[in-house]
Amino acid sequence: LGMTVYSLEASNGIAAQVARQLGDELVFLEKKTFPDGEVYVRVPSKPKGIAILVSTMYPNQEKRFLELLFSVEALSAYAEGSIIAVVPYLAFARQDKRFLEGEPISVKAVLKSLEALGLSGLVTVDLHQPRVLGEYLSVPSINVLPAEEIAGYFKGKVSNPLVLAPDIGALERAKRVAEHLGAEFDYLVKERDRVTGEVKIYPKSLDVAGKDVIIVDDIISTGGTMALAAKNVLGSGAKSVKAVCTHAVMVQGALDKLYYAGIEEVVATDTVPSPVSKVSVAPSVARGLRELLEEML
């Protein structure tokens, strides 16, 4: 079964790694911006078999979304086989319900648009709420967690690890990383002092004293939650704290905030380009693609 991997400008090197792992051809999409600011893309050659489009959607989310949309449309007129998008960071995914009356479900608009223009399948990485794929897409999709790759980075670097999730919603992610590391895991709970109003954060059931703590989350945006968690964990006697996320959005001085809170190292994957992107999601993505293709065939 033939495949052609197409790299959009925002592939961040993932397209090449996926093409090498799957042993397929890599093609770069042509792209330019018109004088009025409108974006133009062109698929320079016909896919051999299945077309795999790779593009992350940060930074410049709106622009990246349009590039992906136009590429799917171009391929739908060109391709004879399926079109699968690999979107390591799916922008607008956090707006996954109507939090206030009159709001859009932005991720629904993104997914429905891609499907309407001919998308046959989708691979994403560590979505905020993976349920949105089943709710808003009718084509096969898969959300991969790079837990094995994250754990692999820390193997041999921490002697007494304890993996923590910042809340119960992120526990599955921490559990998966901990299993690959052979470590214990827990999640953090918040408690506000009714008299002073001070917020305390501590693990639900495990003691952090003397442990090399690894706090794992999906996204670090402003870094506020992670910094507060680190301060509290260190205050409870942790030997060291490392912060890990899949998507290092890192705005408003997030990195400074994290290091100032006493975090020893910040580690992220390459779904978003950042100074701390030390782990590649390409192996996870390649596994996810193989799984998705088996389901589609």
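In this predicted model, the buried residues of helix α6 are covered by elements that include α5 (147-154), β9 (161-165), β10 (184-192) and β12 (212-220). The helix itself spans residues 171-181, and its buried positions are R173, A174, V177, A178 and L181. Viewed down the axis of α6, these buried residues fall within an arc of 130°, so they line one face of the helix. This can be read alongside a familiar piece of helix geometry. An α-helix has 3.6 residues a turn, so residues three or four places apart point the same way. Just after α6 comes G182, which takes a positive phi of about 65°.

Attention now turns to the open sheet. Its 6 strands are arranged in the order β2-β1-β5-β6-β7-β8, with parallel pairing. The edges are held by β2 (25-28) and β8 (141-144); each has a single partner strand, so one side of each is left without a neighbour in the sheet. From one strand to the next, the twist averages 20°.

Within this sheet, strand β6 (residues 83-87) deserves a closer look. Of its 5 residues, 5 are buried, so the strand is largely enclosed by the rest of the structure. The side chains alternate: I83, A85 and V87 point one way, I84 and V86 point the other way, and all are buried. On one flank, β6 runs parallel to β5 (residues 50-54), the two being joined by 4 bridges. Here A51 has I83 as its bridge partner, and L53 stands opposite A85. Strand β7 (residues 121-125) is also parallel to β6 and is likewise joined to it by 4 bridges. In that pairing, V87 is the bridge partner of T124.

The connections around β6 take in two helices. A right-handed β-α-β unit is made by β5, α2 and β6, and another right-handed β-α-β unit is made by β6, helix α3 (residues 106-116) and β7. The two helices also pack against each other, at an angle of about 20° and with their axes 9 Å apart. With angles under 35 degrees counting as roughly parallel, α2 and α3 are therefore roughly parallel to each other. Their contact brings F65, L68, L69 and V72 of α2 together with V110, S113 and L114 of α3.

Helix α2 (residues 61-76) also contains R64. This arginine has a relative accessibility of 9%, and therefore counts as buried, the cut-off being under 20%. Leaving aside residues up to four places away in sequence, R64 touches E9, A10, K31, T56, M57, Y58 and P59.

One of these contacts, K31, leads to a further pair of strands. Strand β3 (residues 30-33) runs antiparallel to β4, and 4 bridges join the two. In this pairing K31 stands opposite V41 of β4. Together β3 and β4 form a hairpin with 5 residues between them, and in the turn G37 has a positive phi of about 100°. Strand β4 (residues 39-42) presents two contrasting faces: V39 and V41 make up the covered one, whereas Y40 and R42 make up the uncovered one. The residue opposite K31, V41, thus belongs to the covered face of β4.

Note on methods
Residues numbered from 1 in each chain as written. Predicted model: local features only at pLDDT ≥ 70, side-chain atom pairs only at ≥ 80, totals over all residues. Heavy atoms only, no water. Buried < 20%, exposed > 50% of the residue type's maximum accessible area, 1.4 Å probe, protein only. Contact = heavy atoms within 4.5 Å. Pairing = 2+ DSSP bridges. Right-handed = clockwise from strand over helix to strand, strands pointing away. Arc of directions from axis to C-beta. Axes fitted to C-alpha atoms, helices over the stretch in contact; angles between N-to-C directions. Parallel < 35°, antiparallel > 145°, perpendicular 65-115°, else oblique.
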